[in-house]
Amino acid sequence: MGRERTIWNWYGGMPVQAVEWFGTQREFLRLITTTLALRQGDRVVDLGCGGGLHLPALREAVGPHGHVLGLDFSPRMAAKAAARAAAWENVEVRQADMTTVELEPEAWDGALASFSISATRDVAGAVANIHRALRPGGRLFAPDMHLVARGLGAPVTAAFGLVYRLLAGWTGVDVLETVRARFGSAEVVNRSGVPLATLPSFAPVLMITATKRPGHQP
Ligand SMILES: C[S@@+](CC[C@H](N)C(=O)[O-])C[C@H]1O[C@@H](n2cnc3c(N)ncnc32)[C@H](O)[C@@H]1O
């Protein structure tokens, strides 16, 4: 097991995970499903799904005739997510690397990547894989770390970045710019889902959205 996978797997074995409080807030769950514009019968993939916190909300949004796929490369995380999803036939969990997994191309209406793209060793590969999997018009929602040190908050952001790099092998690649490059455009939304005209100077977390444009060649 690589270093990052070992670390996430260790984290997956902890009884309570720090992201659980944030990740299950009703406001955040609503933001996920509205930003992805999920409808009953849709197919949605949760990449780097961790312990599967968001699978119930995704399942509710797509209903009994939709399909939810959760992926995580940590065996422990994937096992937790599978246990959480056990009650639903149309929620599948796979242990897989989101940078290399072969998803059916242009077959997914929505992709959630919650704090996971920045956690990969290959940010561009992860984003390319998501773009390939989405159908034209399909949407990505990627709340994630944005540890680009600038403005007055630069020292704090740099310190966060160092910790993330040491603990989980963060590569320093800018997720927002990578999504923009692959999708042709991307937006950052606030907690109500409203696009921001400009980024605040201190923004260690960004909620990124992008839509796969029909015919767009990256
Ligand atoms: C910060 S956690 C976020 C978990 C979950 N999405 C959430 O919001 O609660 C990052 C997750 O990404 C997973 N991860 C990191 N790199 C990955 C990769 N290359 N393929 C699949 N999963 C990955 C980790 O195992 C971990 O569960």
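Me: UniProt positions are given here in the numbering used here, with shortened feature names, and annotations may be inferred rather than shown by experiment. Where does UniProt place the feature "domain: Methyltransferase"?

Reply: The unreviewed UniProt entry places it at residues 44-138. Over residues 44-138, the chain is 31% helix and 26% strand (DSSP runs numbered from the N terminus: helices H or I, at least four residues; strands E, at least two). The end C-alpha atoms of this stretch are 9 Å apart. The model is predicted: local features need pLDDT of at least 70 and side-chain atom pairs pLDDT 80 or more, while totals for chains, interfaces and linings use all residues. Residues are numbered from 1 along each chain as its sequence is written.

Me: Why are α1 and α5 called oblique to each other?

Reply: Helix α1 (residues 3-12) and helix α5 (residues 75-84) pack at about 40 degrees, with axes 7 Å apart. Axes are lines fitted to C-alpha atoms, for helices over the stretch in contact, and angles run from 0 to 180 degrees between N-to-C directions. Angles under 35 degrees count as roughly parallel, over 145 as roughly antiparallel, 65 to 115 as roughly perpendicular and the rest as oblique. The pair is therefore oblique.

Me: Which residues of α1 and α5 meet?

Reply: Trp-8, Asn-9 and Gly-12 in α1 meet Pro-75, Arg-76, Met-77 and Lys-80 in α5 (contact: C-beta atoms, placed from the backbone, within 7 Å). These residues divide into three nonpolar (Ala, Val, Leu, Ile, Met, Phe, Trp, Tyr, Cys, Pro), two charged (Asp, Glu, Lys, Arg) and two polar (the others, Gly among them).

Me: What makes β3 and β6 edge strands?

Reply: Two strands pair if DSSP finds at least two bridges between them. In the open seven-stranded sheet, the order is β3-β2-β1-β4-β5-β7-β6, with mixed pairing. Strands β3 (91-95) and β6 (187-189) each pair on one side only.

Me: How do you know that β5 and β7 pair?

Reply: Seven bridges join β5 (residues 134-145) to β7 (residues 205-211), and the criterion asks for at least two. The two strands run antiparallel, and Pro-143 stands opposite Met-207 in β7.

Me: How does helix α6 run relative to β5?

Reply: Helix α6 (residues 123-133) lies across β1 (43-47), β4 (108-112) and β5, at about 150 degrees to β5. That angle counts as roughly antiparallel.

Definitions and conventions. Contact = placed C-beta atoms within 7 Å.
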